[in-house]
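I opened this entry to follow strand pairing first, and then to look at one serine and the nonpolar cores.

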Amino acid sequence: MKPNRTLGCCLVLAGLLGGLSTVAHAQVHVFSGLRHDSSTGLARWLGDITLSAQIEGGIMANPARPQPGYNYGDFLADHANQVQLNQAEFTLNKAIDPHRNTYQVGFTLEGMYGSDARYYQVLGISDREWNARYQLIPAQAHMDVHLPWLTRGGLDMQAGILQAPMGVEGLDPTSRPFYTLAYTSEYSVPFEHVGAMFNWHVTPMVDVTFGIDTGNQTSFGHADNNSAPAGYFGFNLNNLAHGKLRIVELSRVGPENSWRAIGHYEADHTQRFWNDISAYYQVNDRLSLTAEFNYLHDEGTRGIGARGQFAGVDAESFVSFLSYRINRDLTFNYRGEIYRDNNNAMVATFRGNNSYMEALAGTGGAVVPGPSASSHGTTYGEMTLGVSYRPQLGHHIGVFMLRPEIRFDRALNGTMPFNGGRNNGMFTFGGDAVIGF
């Protein structure tokens, strides 16, 4: 999904999504004069540090002209009929070589400015600094270490501000097939962490993943919306079916609700269980298929129930992707999704520039209302069709991509969440452009 999103596995995933053979950005070797100086280990280490930059902007038009002007259920293209700068990011990186089982130390520092940053802030680090639609965040800031321990593949570790590993679609636009995100990618997987993640290469076929952090988009101390940690565990199955199939399973457990919303005891003791399993299958050189199943259960989002028990919520979903490479530069992409919000507690559109982070902190957060909370949940269907045009331009341009798409959203059980509560469906079209140096 994006470079360095949890121990490098996203480079593999991106190759199966959208026909993107790599997630390569143009890279400038900051200390290029030292690359050929082998006199010291430090010179060789500094010589591999790279700097890259990338800009993305887009628009999703909505013929229904919803009031108050938002595409319901859409994060990255939430403002209907408006062009916006999604991301302008710079990344300083010293990558770990996955083919060398020796002691290695690297790092990633990524700063990002744009409208996407509103949804990827971290409480206590960057969430109080901005009020405008365009905001600035430290998208990544972590130390990377490879340890040749236990097995021939060794152990990888990342520690610091990490982009969450769960799910198929991530923040980096070059690593996903579409401009917009699926409901699953917005509401049922975490975004950012402060903590440590480990990936143990047990065998060439099996990786084990585990980690601990302060929670989804929270930091330490009073900035945390509760007083308990959370953690991951899961596995990767690699090189199945003669190298064509890869399966990734990740589970996560820990309190995620704010004490301001449901009380100190409930916030610290009600667990959220995230479970995601994805399969990536490369049929041939042109065709790839991806399937993702996600189940989320939160024990205490609605506080204490009438009989003194925790009142929880559930959401389950299935997302399928198809990517067909038409030629070297052009790829056709399909995404289909069924997302069940059992309690109408997950899907919402956040109206203010800081409303999403205010909701995480438990300090409010204005939302564009969806179905009534008293109804019996909503089943969302979503289908997106598009193409990725990605020519190799050269001339120090590492990435150039145009991605037009059309998207159909519908509530499949009679509720009317879209276009200001006027419709049970929504049609949008548009896309984005990405250029990387």
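I began with strand pairing in this predicted model, where I found that E2 and strand E19 (residues 425-436) pair in the antiparallel sense over eight bridges. As one position along that pairing I noted Ile55, which stands opposite Ile435 in E19.

I then followed E2 (residues 50-61) to its other partners. Strand E3 (residues 84-94) runs antiparallel to E2 and is joined to it by nine bridges, and here I noted Gln54, whose bridge partner in E3 is Glu89. Strand E1 (residues 28-29) also pairs with E2 in the antiparallel sense, over two bridges, with Leu51 of E2 as the bridge partner of Val28.

Next I asked myself whether Ser317 is buried or exposed. Ser317, which I located in strand E13 (residues 313-325), has a relative accessible area of 4%, and because buried means under 20%, I entered Ser317 as buried. Its side chain makes a polar contact of 2.7 Å with the side chain of Thr184, and, leaving aside residues up to four places away in sequence, Ser317 touches residues including Glu292, Asn294 and Tyr339.

Tyr339 led me to the largest nonpolar core, which has 39 residues and in which Phe75, Tyr120, Tyr339 and Tyr356 have the most contacts. The elements that give two or more residues to this core are strand E5 (135-147), helix H3 (183-187), E13 and helix H6 (355-361), and H6 provides the largest share, four residues. Apart from this core I recorded another, of six residues, among them Ala182, Val248, Val319 and Phe321.

Note on methods
Residues are numbered from 1 along each chain as its sequence is written. This is a predicted model: local features need pLDDT of at least 70, side-chain atom pairs count only at pLDDT 80 or more; totals for chains, interfaces and linings use all residues. Side-chain values use heavy atoms; hydrogens and water are left out. Buried means under 20% relative accessible area, exposed over 50%, partly exposed in between (1.4 Å probe, protein chains only). A polar contact is a pair of N or O atoms within 3.5 Å; within protein, one must be able to donate a hydrogen and the other to accept it, and residues adjacent in sequence count only if both atoms are side-chain atoms. Contact means heavy atoms within 4.5 Å. A nonpolar core is a set of buried Ala, Val, Leu, Ile, Met, Phe, Trp, Tyr and Cys residues joined through side-chain atoms within 4.5 Å. Two strands pair if DSSP finds at least two bridges between them.
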